[in-house]
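Biologist: Please go through this model with me, one feature at a time. I will ask, and you give the reasoning before the value or name.

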Amino acid sequence: MAAATCTQSPQPVKLPQLLERDPYLAPFESDFQRRYSLFYNRLKNIEESEGGLDKFSKSYKTFGVNQFVDGGIYCKEWAPGAEAVFLAGDFNGWNPFSHPYKKMEYGKWELFIPPGQDGYPPVAHGSKLKVVIRAQNGELLYRISPWARYVVRDEDKVNYDWVHWNPPESYIHKHPSPKRLKSLRIYESHVGIASPEGKVASYKNFTYNVLPRIKDLGYNCVQLMAIMEHAYYASFGYQVTSFFAASSRYGTPDDLKEMIDVAHSMGITVLLDVVHSHASKNSEDGLNKFDGTDSCFFHSGPKGTHQLWDSRLFDYANWEVLRFLLSNLRMWIEDYRFDGFRFDGVTSMLYHHHGIGTGFSGDYNEYFGLQVDEDALCYLMLANHMIKFLHPECITIAEDVSGMPALCRPVAEGGGGFDYRLAMAIPDKWIQIIKELKDEDWNMGNIVHTLTNRRYEEKYIAYAESHDQALVGDKTLAFRLMDAEMYTNMSVLSPLTAVIDRGIQLHKMIRLITHALGGESYLNFMGNEFGHPEWLDFPRKGNNESYHYARRQFNLTEDHLLRYRFLNAFDRDMNKLEERFGWLASPPAFVSEKHESNKVIAFERAGLIFIFNFHPYQSYVDYRVGIETPGKYKILLDSDAAEYGGHQRLDHSTEYFSEEYPHNYRPNSLMQSNSQTTFSQHPRRCPKHHIEVYIPSRVAIVLQNMDIPK
């Protein structure tokens, strides 16, 4: 196993392919070589010193508190700054000195507690524990093990307690993980807000009420936020305190396992939003100062603190930090059956400046040199290498705003090894357009450039908005488009005002063009598919601990008197259409038109023709559209249809016939025929006779070639 995990060559053997694909990277060949050498040497050292990456990343089975088959308890911690280590808890009446750990090499400590005479484990399931650290100054520190699997907080307490989780019968997964998906349609979710009720929702609620909804909407992947335990609920899960513990505020570890298992039974892939970029500065119930020093898992001094996030930064060059983080990934995959990860805060990891006060212009010099934290990059390469080797079906996503070249190329090319990266410029562009420009001033070329500006052969996840835009202080697209009128005019019993009409039509068009043109995967944050009103705000002192905005009002889509159902239906049918034709897994689109004065964008992808007319009032009755493949075309999806809150200006029985008339660099073009004309019945007999295409204002149309079965 050890030999198999090491890469075949100490050199990135496929680096020439990367440099050939992007010659502008050639001046930085030595940087790629150095990064790969660091990765290779770390991997080689792990294999020589730890018996292989497989064994090294299984450390979650030996560190912390683990039970042997005979009932005995084995405890192990890494606390290099400690003078002594003890285990205390309900099992020994909280005696801080009765169970001392034995000091080992390299700052490790171990303790074995034999089973009782009756064979029962000495530490009962559900009992509370603490690691007691005697610091270098003699102070006794009561800490939660960094490897704790379950922590809870009583209502009358501020800090979390470590609870030993070892039930007599653990949840047994019944369903296999789905096969690796070619097209990812991701539903970004937060379990705690996944209910119309003003409370913290549960894993059970998500399992039985939300997963069926996700399935019905046509999403095949759910990305779960705020699962790793975090003491501060309002941090949205990004201030992690216990890395190996599933958040107890939603239920038990077995509840989460059941939720993932049920998702798998529906064919839904489940990703974890993993936070390895930083950690909460909590010490009572977090990693900070675990051994009494300001280092341990983190850099000491100012280097170990993120200036903006007020959190601790890992020392990725530290052997035991690598063990901790790699084992953390392994545990979430193998114990809970997660199918991959979205790595948060990758930009902060990649650079010593953490992206603070830095605007990335795309100049390649910004991605190489002393500003790059190559230890952090090496960790990411090791993480992706481990995941791909042990679980090749798993998916990894990088949240990187900088555009680091080759981040989503294989490690053998000198790349970071990720499968996908988030197309973070797209939501920013939509916000900028809606916020700053009149509809008549929208720049079609700029929209197309933003949606298609991605690195060749690196996969991107397109999204019009995510949780970032839903948070208090920002606005969702729906709220930016319709604002206060969402409170008064979303009922079908009220007049369709110009503001609501514009908002509904553009909301659909923006999401479809992002879905079809923006990348190789698509993401939506829960509730935004139907234009969820207002913002997202977790209970905190600033809002009197209110849950009013920390919920998702799915019930709005079920009320047939409200217009939210139109947006919900369009989102569902858009996803179902992608499921059928697979444009996300197809080569990038060919954009044949981006007409500024007409405000029309047209492109082809996966054998379909997408036409968008963003003009606020101008419809076109004589529009020619260039295409590649000749044939008879019909409408598959029409944002103007009645079921989507449209104005029904298109006749879906209309047939569109191609003719050998080059247009916009395509060999053929489309014109329209009424289904009642003789021409529609005999299109091949008179290809030069036609009537014009009709493209209403603020409409998106998807056409299929009916001569090609699908």
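Biologist: How many strands make up the closed barrel, and how are they paired?
Modeller: This is a predicted model. The barrel runs E10-E11-E14-E17-E18-E19-E20-E21 and is closed. Neighbouring strands of this sheet are turned against each other by 30 degrees on average, direction ignored. The pairing is parallel, and the number of strands is 8.

Biologist: Which residue of E11 stands opposite Glu188?
Modeller: Strand E10 covers residues 184-190 and strand E11 covers residues 221-225. The two pair in the parallel sense over 5 bridges. Opposite Glu188 in E11 is Gln223.

Biologist: Which strands of the sheet does H7 touch, and what angle does its direction make with that of E17?
Modeller: H7 packs on the sheet, where it touches strand E14 (269-274) and strand E17 (340-343). Its direction and that of E17 make an angle of about 135 degrees.
H9 also lies across E17, together with strand E18 (395-398), and runs at about 165 degrees to E17. For H7, then, the strands are E14 and E17, and the angle with E17 is about 135 degrees.

Biologist: Is the crossing of H7 and H9 left-handed or right-handed?
Modeller: The axes of H7 (residues 319-334) and H9 (residues 374-390) come within 11 Å and cross at roughly 35 degrees. The crossing is right-handed.

Biologist: How many nonpolar, polar and charged residues are in the contact of H7 with H9?
Modeller: From H7 the contact takes Leu322, Leu325, Leu326, Leu329, Arg330 and Ile333. From H9 it takes Tyr379, Leu382, Ala383, Met386, Ile387 and Leu390. By class that gives 11 nonpolar, no polar and 1 charged residues.

Biologist: Why does Cys394 not form a bond with Cys221?
Modeller: A disulfide needs two cysteine sulfur atoms within 2.5 Å. Cys394 is buried, at 1% relative accessibility. The closest cysteine sulfur to that of Cys394 is in Cys221, and it is too far for a bond because the distance is 11 Å.

Biologist: And how far is the sulfur of Cys296 from the closest cysteine sulfur?
Modeller: Cys296 is buried as well, with a relative accessible area of 5%. The structure holds 0 disulfides. The closest cysteine sulfur to that of Cys296 is in Cys75, too far for a bond, at 17 Å.

Biologist: Is Asn568 buried or exposed?
Modeller: Asn568 is found in helix H15 (residues 564-581). Leaving aside neighbours within four places in sequence, Asn568 is in contact with Arg213, Leu217, Glu529, Phe530 and Thr557. The relative accessible area of Asn568 is 9%, and as the cut-off is under 20%, Asn568 is buried.

Biologist: How many residues of strand E23 are buried?
Modeller: Side chains in a regular strand alternate between the two faces of the sheet. In E23, Val600, Ala602 and Glu604 point one way and Ile601, Phe603 and Arg605 the other, and all are buried. E23 (residues 600-605) is therefore largely enclosed by the rest of the structure, with the buried count at 6 of the 6.

Biologist: Which residue of the hairpin of E22 and E23 takes a positive phi?
Modeller: E22 (residues 590-595) and E23 run antiparallel, joined by 5 bridges. His595 has Val600 as its bridge partner in E23. The hairpin has 4 residues between the strands, and the one with a positive phi near 60 degrees is Lys599.

Biologist: Which residue has a positive phi in the turn between E23 and E24?
Modeller: E24 (residues 608-613) runs antiparallel to E23, with 6 bridges between them. Glu604 has Ile609 as its bridge partner in E24. This hairpin has 2 residues between the strands, and the turn residue with a positive phi of about 55 degrees is Ala606.

Definitions and conventions
Residues are numbered from 1 along each chain as its sequence is written. This is a predicted model: local features need pLDDT of at least 70, side-chain atom pairs count only at pLDDT 80 or more; totals for chains, interfaces and linings use all residues. Side-chain values use heavy atoms; hydrogens and water are left out. Axes are lines fitted to C-alpha atoms, for helices over the stretch in contact, and angles run from 0 to 180 degrees between N-to-C directions. A crossing is left-handed if the near helix is turned anticlockwise from the far one by less than a right angle, and right-handed if clockwise. Contact means heavy atoms within 4.5 Å. Ala, Val, Leu, Ile, Met, Phe, Trp, Tyr, Cys and Pro count as nonpolar, Asp, Glu, Lys and Arg as charged, and the others, Gly among them, as polar. Two strands pair if DSSP finds at least two bridges between them. Buried means under 20% relative accessible area, exposed over 50%, partly exposed in between (1.4 Å probe, protein chains only).
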